[in-house]
Amino acid sequence: MKNSAVLKVANFVWFQGIWWLVILFQNKAVIPVLGLILLWIAISPKRVEDIKLMGTVFLLGTVVDALLTLSGLFIFDETETLVSFWPIPIWLSLLWAAFAGTVYHSLTAFNGRMAVAAIAGAIFAPLSYIAGAKFGAVELGASVVLSYIFIALVWSVIFPLCFYLSNRFEAKQAQA
């Protein structure tokens, strides 16, 4: 995919498809989501950078959401655990990886604009979690307002951090 606008739209649609799959089907979506992630890696013009960022954010997001789960902010149904030793549902970790797959593509407007990224992360990420709760993918352990505030604080750091990491990976790739 060479056309930048087509790539951005395809990447946006790809991520939205993954979001809906994991929110509606949780563990039943793992195999299709893995397939979609592999498909993106196959067609990405920034394959190496995507793989590095997706792997890093997969782990970073798992730690972040595990801490939010341990704090009681997120509550997951433990009866359908696919990976018993994993601290959060694996579908949620995969969602983090898929999110990272948008940083070099459909979310480039935020690159280099850390304050804007912090504000956008604080506004939109909590809405995603709250929507996930409305669809039954997660239960919030606090009121919607308190959950929004905590998630906003976390994502005001996480979202710009993703762009910082992406720039580091891109610079290292350019040196190679």
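In this predicted model, Glu-170 is partly exposed, with a relative accessible area of 24%, and its side chain takes part in a salt bridge with Lys-46 in which the closest N and O atoms are 2.3 Å apart. Because Glu-170 belongs to helix H6 whereas Lys-46 sits in the loop between H2 and H3, the pair ties together parts that are 124 residues apart in sequence. Lys-46 is likewise partly exposed, its relative accessible area being 23%; both values fall in the interval between the limit for buried residues, under 20%, and that for exposed residues, over 50%. A search of the whole structure returns 1 salt bridge.

A further pairing of positions distant in sequence involves Gln-173, which is also a residue of helix H6. The C-alpha atoms of Gln-173 and Val-48 are 7.9 Å apart in space, although 125 residues separate the two in sequence. With a relative accessibility of 26%, Gln-173 counts as partly exposed. A contrasting case is given by Gly-72 and Gln-175, which are 103 residues apart in sequence and whose C-alpha atoms are 43 Å apart. Gly-72 is placed in the loop that runs between helix H3 (47-70) and strand E1 (74-75), and its relative accessibility of 27% puts Gly-72 in the partly exposed class.

The largest pocket holds about 680 Å³ of space. Its lining comprises 28 residues, of which Phe-15, Phe-99, Phe-124, Ala-125 and Ser-128 are the closest to the centre of the pocket. Two or more lining residues are contributed by each of helix H1 (4-25), helix H4 (90-103), helix H5 (114-134) and helix H6 (144-175), and the greatest contribution to the lining comes from H5, with 8 residues. In terms of residue class, the lining of the largest pocket consists of 22 nonpolar and 6 polar residues, with no charged residue among them.

Helix H6, which contributes to the lining of this pocket and carries the Glu-170 end of the salt bridge, also contains Val-145. Together with Leu-146, Ile-149, Phe-150 and Leu-153, Val-145 makes up a nonpolar surface patch of about 480 Å². Val-145 counts as exposed, because its relative accessibility reaches 57%, above the 50% that the exposed class requires.

With regard to backbone geometry, Gln-26 has a positive phi of about 40 degrees although this residue is not a glycine. Gln-26 is located in the loop that joins H1 to helix H2 (30-43); of the two helices that flank this loop, H1 is one of those that give two or more residues to the lining of the largest pocket.

Technical notes:
Residues are numbered from 1 along each chain as its sequence is written. This is a predicted model: local features need pLDDT of at least 70, side-chain atom pairs count only at pLDDT 80 or more; totals for chains, interfaces and linings use all residues. Side-chain values use heavy atoms; hydrogens and water are left out. On a 1 Å grid over the protein atoms alone, a cavity is a set of points where a 1.4 Å probe fits but cannot get out, and a pocket is an open set with protein on both sides within 12 Å along at least five of seven lines; lining residues have an atom within 4 Å of a point. Grid points are joined across faces, edges and corners, and a volume is the space filled by probe spheres set on the points. Helices (H or I, at least four residues) and strands (E, at least two) are DSSP runs, numbered from the N terminus. Ala, Val, Leu, Ile, Met, Phe, Trp, Tyr, Cys and Pro count as nonpolar, Asp, Glu, Lys and Arg as charged, and the others, Gly among them, as polar. Patches are made of residues with over 30% relative accessible area and no salt bridge: like charges are joined within 9 Å, nonpolar side chains (Val, Leu, Ile, Met, Phe, Trp, Tyr) within 5 Å. Accessible areas come from the Shrake-Rupley method with a 1.4 Å probe; for residues, only the protein chains shown count as cover. A salt bridge is a side-chain nitrogen of Lys or Arg within 4 Å of a carboxyl oxygen of Asp or Glu. Buried means under 20% relative accessible area, exposed over 50%, partly exposed in between (1.4 Å probe, protein chains only).
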